[in-house]
Amino acid sequence: MASISVDYFNNLAKFLKIPLGKISIKDNVCIRTHDNKTTIGVINIIFSLLKESKLCLKPNNHLDEAQMRQWLEYTIIYLIHNNQNLHSTFKDLNEHLETKTYLVNEQFSIADAFLYYVLVKIMINLSPLDKEKYIHVSRWFDNVQQDSTLRQSNNLINFNTNYLATLVPAKH
Amino acid sequence: MALITGNENNPATLKIILANNFSKAKCAVNLKPNESKNYLPFLSVNANLDLFIPNAAIWYLLPPEPTYSDATSEFLEFESLTLTPTLIHGLCGNTKHDKTKNNISFILEKLDVKLQEKLFFIGESVTVADIAVFSTLYPLYKSKKLNEEYLKNCANILKWVENFEKLPEVKDGISVIFGEKVNVGETSYQILMQSAKYTNAQFEQIKPAQANTVDKDSPTTEVTQAELEAAQNAWSKSVLELPKLKKIEKVVLPKSGEKNIFITSALPYVNNVPHLGNIIGCVLSADVYARYSRLCNNNTLFICGTDEYGTATETKALEEGLSCQAICDKYFKIHSDIYNWFNISFDHFGRTSNPEQTELAQDLFLQLNDNGFMFTQSVEQLHCEKCDRYLADRFVEGGCPNIGCNYEDARGDQCDGCGKLVNAIELKNPRCKICGKTPKLKTSSQFFIDLPKLEPLLRHWIKISSPGWSHNADVIAKAWLKEGLKPRCITRDLKWGVPVPLEAYKNKVFYVWFDAPIGYISISKAYTKEFEQWWRPKPDTKVTLYQFMAKDNVPFHAVLFPSMLLGANKGYTTVSHIMATEYLNYEDGKFSKSRGVGVFGNDARETGIPSDVWRFYLLYVRPESQDSSFSWSDLVTKNNSELLNNLGNFVNRALVFAKNSFNKIIPKMALENDDYQLLALCTRELKGYTAALEQAKLKDGIRHILSISRHGNQYMQQNQPWVKLKGDEKDKLRAGTVIGVSCNIACLLATLLQPYMPDTSSNLKKQLNCEDFVLNAENPVIVNLLPAGHQLGEPSPLFTKIEPTQADDLKKRFAGTQEDRNNKNSSNNQDIAVLEAQVAQQGDKVRSLKSSGVDKAIWQPEVKILLELKGKLEAAKKVKPTPQSEQKPVVNGLTLSAEEIKKLEESVAQQGLVVRKLKEGGAEKSVWQPEVDKLLTLKNKLAVATGSAAQAPKGKKGKK
């Protein structure tokens with residue numbers, strides 16, 4: 001079982017353009033100390049970052065918030081903690097994303113950002129065939145990775161499988 | 001109207017029901033879902049939106065007051081990320097460790113503290129925190145057994161549950177979910193886990209793994225009774241009962257009623273030196289399969305050759321100032337030498353510029369033309385009158401036609417200024433790259449193959465053939481068909497190629513991709529006049545064609561070539577197994593022939609690493625289902641850990657014991673259960689090996705070989721023949737059995753290694769004094785290969801160690817492009833380093849040969865090589881005026897002369913011998929440890945002495 005890493009919070013804070021403060025992880029519990037305030041728990045920390053940020057990514061209503069919580073918890077349980085059965089998780093995530101552009105409503109949210117930072121490390125190692133197999137995950141990922149402030153120092157991952165057509169030109 | 005869908009006995013469903021009861025929402029509830037949903041429970045907020053994570057659903061149903069929001073969220077996270085996984089892990093696995101028990105107790109005690117003197121977790125009323133934790137703990141609380149086990153010391157929790165349980169909302173929820181029978185305990189957590197598909201992996205992890213899903217590096221060691229009996233049965237048979245291995249005939253032809261395997265590897269293009277990626281992608285993979293197929297007694301033909309026609313050759317010829325033919329001759333030789341060095345067992349390595357190619361390509365073209373699968377169409381092209389030739393894209397330059405780019409020297413296919421693709425006829429002020437004159441636009445008529453017309457035939461064929469292809473080949477071919485086939489132009493206005501056999505087109509040649517695959521047929525014809533037996537076999541003879549390639553070649557072999565053969569309608573053999581690899585990367589970048597990045601066939605030879613080790617490593621990292629990378633340090637690690645310490649160690653131990661204790665004769669063996677257990681395990685690996693190789697999964701095959709020697713090492717370690725040899729008669733018989741069985745396993749390995757490492761295999765067979773035996777792919781068993789009384793040969797180590805420092809040197813040496821490297825080599829700095837490495841390696845080789853006690857005749861030539869190398873090194877050092885002679889190495893502040901160093905070296909070698917002898921003889925650690933210590937001290941002294949000598953000039957350079 002892998003555990004959550006400080007990197008994810010660093011990425012999120014940088015993306016939200018706010019100071020992160022200090023993160024410590026003890027017995028699987030994440031604690032953030034910033035401005036003499038202590039926040040405990042991954043989801044609490046992420047929402048506290050959102051509150052401090054000037055970006056308009058706060059949930060619009062209670063239902064949005066519940067959905068964000070859902071996807072944050074999903075990402076932690078199924079992708080961070082449970083990373084030994086990635087193929088079944090990808091299959092499942094692919095089904096979830098089949099009808100979605102973004103995770104929550106038709107709008108980019110912090111849940112998308114978090115999922116991006118978790119997935120980017122996995123997507124790099126995915127073969128083109130797997131990218132094709134999990135086409136909806138690929139589509140979602142390719143869409144969100146276009147934002148360079150989100151991407152930060154990560155490279156764009158290639159989803160173009162159309163290299164065949166150049167091999168034998170139809171005409172010369 | 002919101003709807004809760006869930007299942008009975010599931011604590012997660014209880015959670016949502018309770019939240020619903022406490023809130024004012026009053027959602028409808030469905031506990032008998034008829035469609036199989038991914039997750040249970042879930043809350044449908046509306047037709048398009050399900051909340052399937054229970055804690056998100058209860059957060060939605062019963063939001064906490066803003067002041068308690070953070071605290072509530074903290075508890076929910078604790079519940080979902082810590083409490084639930086720990087309970088599932090501890091209660092659902094079928095092995096219950098004390099550790100997981102302790103985990104549960106630890107967490108519950110922590111929770112207990114938080115409930116001290118409190119009725120609710122947060123504030124003075126029910127929140128979702130209480131609901132979540134209560135629901136999850138309830139089955140545990142209600143199970144008498146679990147309650148006593150875990151909640152004994154948690155008085156606060158017990159009190160809290162008792163109170164909570166009495167609330168009417170809770171009572172109602174419990175009766176809905178659990179009915180009368182609440183005492184469900186573990187079952188409930190099983191349901192929770194399955195319904196949420198959650199922590200599945202952990203569950204699987206604890207389950208004893210199935211034989212076929214086992215991690216290949218750590219094989220299980222349990223065998224079934226049936227396997228044991230089969231192993232025992234097989235062992236009672238002698239090797240003489242196996243069929244004999246066929247002699248390889250001078251010309252291999254298919255025979256009716258036998259398995260006829262025809263293997264090709266993609267024809268390498270002649271204008272470059274192949275790099276390691278090319279080698280593993282086609283020729284090496286095909287070679288392993290061909291060698292395997294021969295071991296199975298199949299009639300096996302393996303051909304390949306260089307692909308020589310086309311523009312690229314013309315370009316290269318211009319570059320090097322040679323004629324096309326001369327270029328082809330030159331590079332054909334280079335290719336041929338490299339493959340020779342890699343021990344590729346072609347039955348024939350030909351070339352496409354042979355006369356058979358002209359005849360067959362023209363013939364096939366005419367057949368297709370007669371059958372109506374060709375048509376002509378006019379195409380616009382640039383023509384240079386002075387050179388009297390049509391200009392291929394690369395032979396024309398001019399102003400970039402893309403708007404906004406004023407680059408003057410854009411090439412006919414792409415502009416280096418803006419990077420955009422260019423259509424050659426749109427260039428501004430085009431000029432011929434050869435003479436500089438302005439070419440004219442001319443229309444010329446070209447032949448097209450009518451693939452749309454052939455498409456139905458092809459589709460039908462692919463349906464039958466593709467089940468035998470590698471996955472990527474299948475996907476690529478289907479992607480092509482999905483896009484729909486288009487006519488493809490197959491002729492060009494070039495000179496270097498097969499001319500079109502029609503009067504009006506006699507100045508044109510076939511385009512390289514039309515012509516290249518026909519090379520397979522023409523090279524077969526160059527090999528034997530009876531080639532039609534392979535390409536158009538008689539109805540009673542079945543030929544199975546395997547084609548090996550990298551994935552970029554799949555379209556030619558899966559679509560174009562089969563279309564041509566099908567269109568000719570003469571019963572040609574078509575491919576049934578397209579075996580395509582992904583790409584091999586170099587360190588972290590890409591191999592590139594055109595830019596010269598990476599390690600090339602001829603470089604490999606110059607590293608001094610034996611070709612077998614190269615073969616082994618390339619096959620070990622074969623990019624089978626996804627891209628993989630070549631790395632120097634990994635190469636060294638694999639050599640030292642897998643070949644030297646695992647495989648080499650096992651074989652050498654077996655043989656040295658047989659030599660020292662049994663005079664090189666296989667002793668009498670009386671097998672016991674332990675021995676049969678080993679044989680059963682090895683049989684399992686052998687089955688895996690043949691199954692993998694039958695499907696050309698070459699990478700897996702290697703892992704099975706290594707697993708066998710790993711079993712062997714374990715077996716020796718467990719049975720300790722070196723101890724038993726000193727015991728009574730019974731012990732001695734036991735030791736003999738262990739060594740005899742180990743030698744038999746070594747003999748098995750010798751044959752299994754043959755496809756992968758032919759030199760090592762023949763070396764080992766010589767040491768064992770045995771031959772390859774026939775592999776029976778349908779029912780592989782381990783018979784008694786070396787019976788008692790069999791005379792063995794002289795043992796010697798199979799592999800040598802590669803020092804990690806050498807990997808760093810090589811990495812530096814092969815960094816950058818080939819061109820850079822050539823420039824670097826002009827300063828002979830590099831040469832010295834290379835020579836030094838070679839001297840060191842050769843020195844090791846001589847030493848190990850001598851220490852193994854082989855005949856002088858064998859080690860004498862090696863010593864000669866060593867002396868030659870040393871001479872060269874001296875010469876190289878003289879050329880470079882380093883102040884080497886002035887600087888004397890210093891040991892502990894003392895200056896050492898060359899003579900003293902030599903003495904030191906000698907004593908290291910001597911001490912090394914002493915240690916090796918002791919260890920080989922199976923002496924106790926207490927006996928050899930002091931000797932090892934002595935050796936280390938000596939080595940250290942020597943390292944200090946020579947190290948300072950070797951590093952002094954380098955250090956100086958660094959300071960500049």
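**View 1. Helix α18 of chain B, with a bend at B:G519.** In this predicted model, helix α18 of chain B covers residues 512-527, 16 in number. Helices here are DSSP runs of H or I with at least four residues, strands are runs of E with at least two, and both are numbered from the N terminus. From first C-alpha to last, α18(B) reaches 22 Å, close to the 22 Å expected at 1.5 Å a residue (the expected span is 1.5 Å times one less than the number of residues). At B:G519 the helix bends by about 35°, the angle between axes fitted to the seven residues ending there and the seven starting there. Mostly it's covered: 15 of the 16 residues in α18(B) are buried, that is, 20 or more other C-beta atoms, placed from the backbone, lie within 10 Å of their own.

**View 2. The largest nonpolar core, around B:C743.** A nonpolar core is a set of buried Ala, Val, Leu, Ile, Met, Phe, Trp, Tyr and Cys residues joined through C-beta atoms within 7 Å. This one has 183 residues, and B:C743, B:A746 and B:L749 touch the most other members. Helix α27 of chain B (residues 729-753) gives the most to this core, with 13 residues. Skip the neighbours within four places in sequence, and B:C743 is still in contact with B:A654, B:L655, B:A658, B:I666, B:L768, B:L786 and B:L792 (contact puts C-beta atoms, placed from the backbone, within 7 Å). Apart from this core lies another, of 103 residues, including B:A19, B:F75, B:L81 and B:L111.

**View 3. An open sheet of 3 strands in chain B.** The order is β20-β19-β21, with mixed pairing; strands pair if DSSP finds at least two bridges between them. At the edges sit β20 (589-590) and β21 (628-630), each pairing on one side only. Strand β19 (residues 584-586) runs parallel to β21(B), joined by 3 bridges. Look for B:N585 opposite B:S629 in β21(B).

**View 4. Where the predictor is sure of chain B, and where it isn't.** The mean pLDDT (the predictor's confidence in each residue, from 0 to 100) is 83 for chain B, and 86% of its residues reach 70 or more. Among the chain's elements, strand β5 (residues 260-265) has the highest mean, 96, and helix α10 (residues 200-206) the lowest, 34. Over residues 199-219 of chain B the pLDDT is below 50, with 26 contacts in the model beyond near neighbours in sequence. Where pLDDT is low, don't read the predicted coordinates in detail.

**Reading the labels.** Residues are numbered from 1 along each chain as its sequence is written, while chains are lettered from A and ligands numbered from 1 in the order written. Local features need pLDDT of at least 70 and side-chain atom pairs count only at 80 or more, but totals for chains, interfaces and linings use all residues.

Key: Buried ≥ 20, exposed ≤ 12 C-beta atoms within 10 Å, placed from the backbone. Contact = placed C-beta atoms within 7 Å.
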